[in-house]
Amino acid sequence: MENHKPLSTRGIAVVVSAGSRPPSIHHLPEEILLDIFRSSINPDTYTPLGDIIKLTLVCRLWMIVLEGAPMIWNQISAAGELAHIRKGLKLAQNVPLDILYGFGKANVGQDTFLKEVGDSISRWRSFRFFGHNVSQSSLGILGTAPAPKLVVLRLHGPFGERRDVVTLFGGAPASSELKEFSVFWIPVVLAPLRLSNLQSLTLRHVSTVSISDIFQILGDSPALEVLCLQRLEHLRLQEAHAHHVDNHPVQLTVLRDLSLELPPSFLRLLLSKVSVPNLRKLEIIGRNNSHSPSEIFIPDIPHLIHVLTAMTACVQEITITLSCVHCSIHVGGFRIGPIMFEDEPPVDHVRDAIDWIRSRLGRHLEDAPIHISIQDYGSTPDASYVEAFSARIRVTKLSLWGDPSYGSCMENLIPLLSKPAALWPYNWIFSHLEVFDTDQVFSSGSDFIVDMVRNRQAASKVGDGDETGMVAPSRLREIRLSFGEMFGSSETPPNAAFMRAVVEAADGADVYWHDVKWAGDAMDGGNGSSH
C-alpha cells in the first residue's frame, strides 16, 4: 500500500505520494498564489469565469484555493457558459460584482442573463450593457430596482433613434457611490437619478436630456474629470429657454478631458459657464463648418483662452488630418473636428481656424509648422482636395498613412507630389514640404517614392522665376518610411536596393526606416524626430 504525507498551504491539506516532491508553486502562500492566478487571466477576455474554471481542473489544491476566494469570481460576463455564470454568482458570495453584457459576444440571451444576475443587483459594482434590444421591459431588473453599490454604469443601445423612454431603478435616485455614467443611443430619463459627485459623464444620442439636466449634473459633480456630450442635436430646440440657466459659473477644477458636439448656441453657452482651469484635452466636434473658433470662443469666454494657451504651450506643430469625408485640426490637447464635408473640403474654414489659433494661443504658434496627415480608411481623398489644401495652407510635413484592412490606394497620391500641377497655377503641390512620412512601402519598395524624392530634390536646386512664375519646391530634409501592416513590420528588413535608391535620390537628406535613421545598408540606431 502506498504511503502518503499531507502538504499544508494555509490550512489546505493535499495528499501527495511519499517520496515525491510537490511543485514549488504549492509552497507559496495562498495570497501570492491567487495573485499569480489573477495575472494569468487576460484582463481583456470576455470569459474570465471560463479561464478560472480551467485553473480549478489542474489539481485539487488549485481548486480549493480558487473556490475559496470570492473576489476572483466577481466578473460575470454573458460571453460565458450559463453554468459558469451560475457558478461564479454562487462562489462570489457577497463581494461586489462587475456585470458585462455585450450582444456581439454574448453566449447567453439578454433576457436570460439579466434574470440570472438580477437577484444580485444589490451587489453590482459595475454594469456594462451593449444591447440590441432596448426598452423598459428588456432592461429587466435594471429598470425596476435600485443598485445601491453601483460605481460604474455604461449603457449602449443599437444605432438609431429610440422612442421608448427608459426609466432606471424604478424611478429611484442612482447610487450615491456612482462615479461613471455613460449612455449611448438610449433615451434615459435623467432627472429622477439625481446624478451627483460623478467623475465621468458621457451622453451621446440621448434624446431625453435637457439643458437644465446637464447644468444640474455639472453643478452637483465638482469632482468631474471626464465630460463627453455628443450628438445632442435636440437641444437646439431648447436654446430659446437657455436664459433660465443659473448665471453662476460651474466650477470643474479637476476636469481634464472635455469632448463636445453640440448645437453652436448651446456650445457657446456651456463654454461660457464652466470654469476648467486644469483642462488637458478639449475636443470640439462639428458635422459641418459652423464651429469656427472665432465664433465659439467669443470675447465673453476669456477664461478658456487662457486654458487653451496653457494646453498648447509645448506644441511644436499644428496637425491637420484629412480623409475623403472629414478633416480635423490638432494642436496639442486641443482638437477641432472631425469636420464633415461632402462636395468640397472646408479649406477656408481650416485656414481661418489656424489663423485664429496662431493669433490667440501664444506667440510660439505664430510660426509653428503645419503637418497634414492624410489617412485612408476605405477611400483616398480626391486629388482636388489635396490640391485645395496645398493652395491655401503652407504645409511643411506630409504623412500618408493607409489602413491595410481596407486595402490602400494612398500610393496613388504620391505621383502628384513628383511634378508641378497640370493646370494653372503650375506650382508644386505642397511646395514648402520638408518632411515626407509614409507607410506606403511594399515589400519590393516603391518606384513612386524614389521618383518623387528625386524630382523634388532636383527641382529645389533650380530656383524660382522662370517664365511661368513657378515656385520651386523646398528641399526635403527628412524622408520617413515604413511598411504598412499588410506588407511587413518594423522587424522586417526593407528592400535594400529600394533603400539605396531612396538615399541616392534624397541627395543628403536624412532617411528613416520605422523611425530609425538609415545609414548605408544598415541603421545607425539613432531615433530621430521631425520638428
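1. Two residues are said to be in contact when heavy atoms of theirs lie within 4.5 Å of each other. With that in mind, in this predicted model, 66% of the contacts in the chain with a separation of 6 or more are made between residues 24 or more positions apart.

2. As an overview of the chain, there are 13 helices and 23 strands, and 49% of the 531 residues count as buried. The area that the chain exposes is about 25,200 Å², of which carbon and sulfur atoms supply 51%.

3. Helix H2, which runs over residues 48–56, is worth a careful look, since seven of its nine residues are buried and the helix is mostly covered. The buried residues are Pro48, Leu49, Gly50, Ile52, Ile53, Leu55 and Thr56. Their cover includes three other helices, H1 (30–40), H3 (60–67) and H4 (82–91), together with strand S3 (75–77). As background for reading any such list, an α-helix has 3.6 residues a turn, so residues three or four places apart point the same way.

4. Strand S7 covers residues 180–184, and Glu180 belongs to it. Is Glu180 buried or exposed? Glu180 has a relative accessible area of 18%, and because buried means under 20%, Glu180 counts as buried.

5. Which residues is Glu180 in contact with, once its neighbours within four places in sequence are left aside? They are Val151, Val152, Leu153 and Arg154, and, further along the numbering, Leu198 and Ser200.

How values were computed:
Residues numbered from 1 in each chain as written. Predicted model: local features only at pLDDT ≥ 70, side-chain atom pairs only at ≥ 80, totals over all residues. Heavy atoms only, no water. Helix = DSSP H or I, 4+ residues; strand = E, 2+ residues; numbered from the N terminus. Buried < 20%, exposed > 50% of the residue type's maximum accessible area, 1.4 Å probe, protein only. Areas by Shrake-Rupley, 256 points an atom, 1.4 Å probe, with all protein chains shown as cover.
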